[in-house]
Amino acid sequence: WRNLSMAGATGTPPLNDAIKPLAWLLGTWKGDEGKGDYPTIKDFKYKEEVKFSHVGQPALEYSACSFHYETGKPLHREKGFLKIKPGTSHVALVNTQNVGIVELAEGEVKGQEFTVDSHTIGRMTFGKDPAVTKIRRMFRLVDPETLEQVVDMETSTTSPVQHHLTIQYKKEGAWSNLTARQQQVQALIDDGLIPMIIHNLSQGDLQTQKEAACTISNVAINGRMDHVQYLVNQMVIPPFCNL
């Protein structure tokens with residue numbers, strides 16, 4: 001817990017205004033039971049970790065790493081960027097895959113969900129057949145701790161676009177996950193993390209503020225009376241009310 005990354009405490013630059021509509025994606029997400037199917041292959045399960053981060057530029061950085069469901073062997077890898085056309089809800093994904101594919105896809109952000117359809121698929125000359133010809137992705141925030149991705153695909157031998165992957169991820173290292181029991185609340189206090197979390201109520205980016213507010217709420221609900229008094233003594237009320 002002492003190594004928790006907190007935007008206000010570590011100097012992470014503010015989220016660029018251009019990508020604030022995608023703030024709900026920020027963080028590391030892990031899925032333990034993804035499901036895959038396609039007409040030309042056997043159904044399968046997999047595990048996957050996705051990460052969305054930023055460095056203050058008008059783009060989110062994206063990475064995905066999938067693993068064999070039983071052995072944990074590394075499988076598929078992706079790295080890319082998400083950008084939004086200024087003044088609109090039009091989103092673009094530029095993505096590279098370790099199977100030799102480059103994917104350019106665009107769509108619209110609608111609240112805490114977006115779907116992008118590829119308009120360009122680049123492929124290395126010695127890639128295996130059948131060739132992927134189109135990819136559609138949907139990301140949706142189910143709740144503050146749950147992210148869902150659905151991937152549809154078209155290949156040179158299967159048309160039109162058909163379902164390929166579905167997975168739900170849980171947010172990794174969310175502060176609110178550390179306050180479900182009184183012992184966890186006490187540990188946060190003992191480790192001196194509460195003041196930093198309160199600091200992020202007013203100084204963090206939008207997603208950090210949401211997570212900090214959820215954590216403080218959980219402390220108040222799940223903690224003892226002395227835990228609540230500790231929050232009050234740390235001047236939590238003013239920044240909480242100013243959200």
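Select strand 4 and strand 5 first: the two form a hairpin with 5 residues between them, and Gly87 in the turn has a positive phi of about 80°. Strands here, like helices, are DSSP runs numbered from the N terminus (strands: E, at least two residues; helices: H or I, at least four). The model is a predicted one, in which local features need pLDDT of at least 70 and side-chain atom pairs count only at pLDDT 80 or more, while totals for chains, interfaces and linings use all residues. Residues are numbered from 1 along each chain as its sequence is written, and side-chain values use heavy atoms, with hydrogens and water left out.

**The two hairpins**

Strand 5 covers residues 90–97 and pairs with strand 4 in the antiparallel sense over 7 bridges; two strands count as paired if DSSP finds at least two bridges between them. Within this pairing, select Phe81 and then Val94 in strand 5, its bridge partner.

Next, add strand 3 (residues 60–68) to the selection; with strand 4 (residues 74–84) it makes an antiparallel pairing over 7 bridges. Leu60 stands opposite Leu82 in strand 4. Strands 3 and 4 also form a hairpin, with 5 residues between them, and Gly72 in that turn has a positive phi of about 80°.

**The aromatic cluster**

Now display the rings of Trp24, Phe52, Tyr62, Phe114 and Phe139, which form one aromatic cluster. The whole structure holds 6 aromatic pairs. Rings of Phe, Tyr and Trp (its six-membered ring) pair if their centres lie within 6.5 Å; planes under 30 degrees apart count as stacked, over 60 as edge-to-face and the rest as tilted.

Begin with Trp24 and Phe114, a tilted pair at 6.2 Å centre to centre and 55° between the planes. Trp24 lies in the loop between helix 1 (7–10) and strand 1 (27–38) and Phe114 in strand 7 (residues 113–123), so this pair ties together parts that are 90 residues apart in sequence. Trp24 and Phe114 are both buried, that is, under 20% relative accessible area (exposed is over 50%, partly exposed in between; 1.4 Å probe, protein chains only).

Move on to Phe114 and Phe139, also a tilted pair, with 5.5 Å between centres and 35° between planes. This pair links strand 7 with strand 8 (residues 132–143), across 25 residues of the chain. Phe114 and Phe139 are both buried.

**Salt bridges**

Which residue forms a salt bridge with Glu49? Select Lys30: the closest N and O atoms of this pair are 3.6 Å apart. A salt bridge is a side-chain nitrogen of Lys or Arg within 4 Å of a carboxyl oxygen of Asp or Glu. Glu49 lies in strand 2 (residues 41–53) and Lys30 in strand 1, so the pair ties together parts that are 19 residues apart in sequence. Glu49 is partly exposed at 28% relative accessibility, as is Lys30 at 34%.

Then select Lys45 and Glu33, whose side chains meet in a salt bridge (3.1 Å, N to O). Lys45 is in strand 2 and Glu33 in strand 1, so this contact ties together parts that are 12 residues apart in sequence.

Finally, return to strand 4 and select Glu78, which forms a salt bridge with Arg137, the closest N and O atoms being 2.8 Å apart. The pair links strand 4 to strand 8, 59 residues apart. Is Glu78 buried or exposed? At 8% relative accessibility, Glu78 counts as buried, and Arg137 is buried at 3%. Add Glu103 to complete the view: Glu78, Glu103 and Arg137 are linked in a network of salt bridges.
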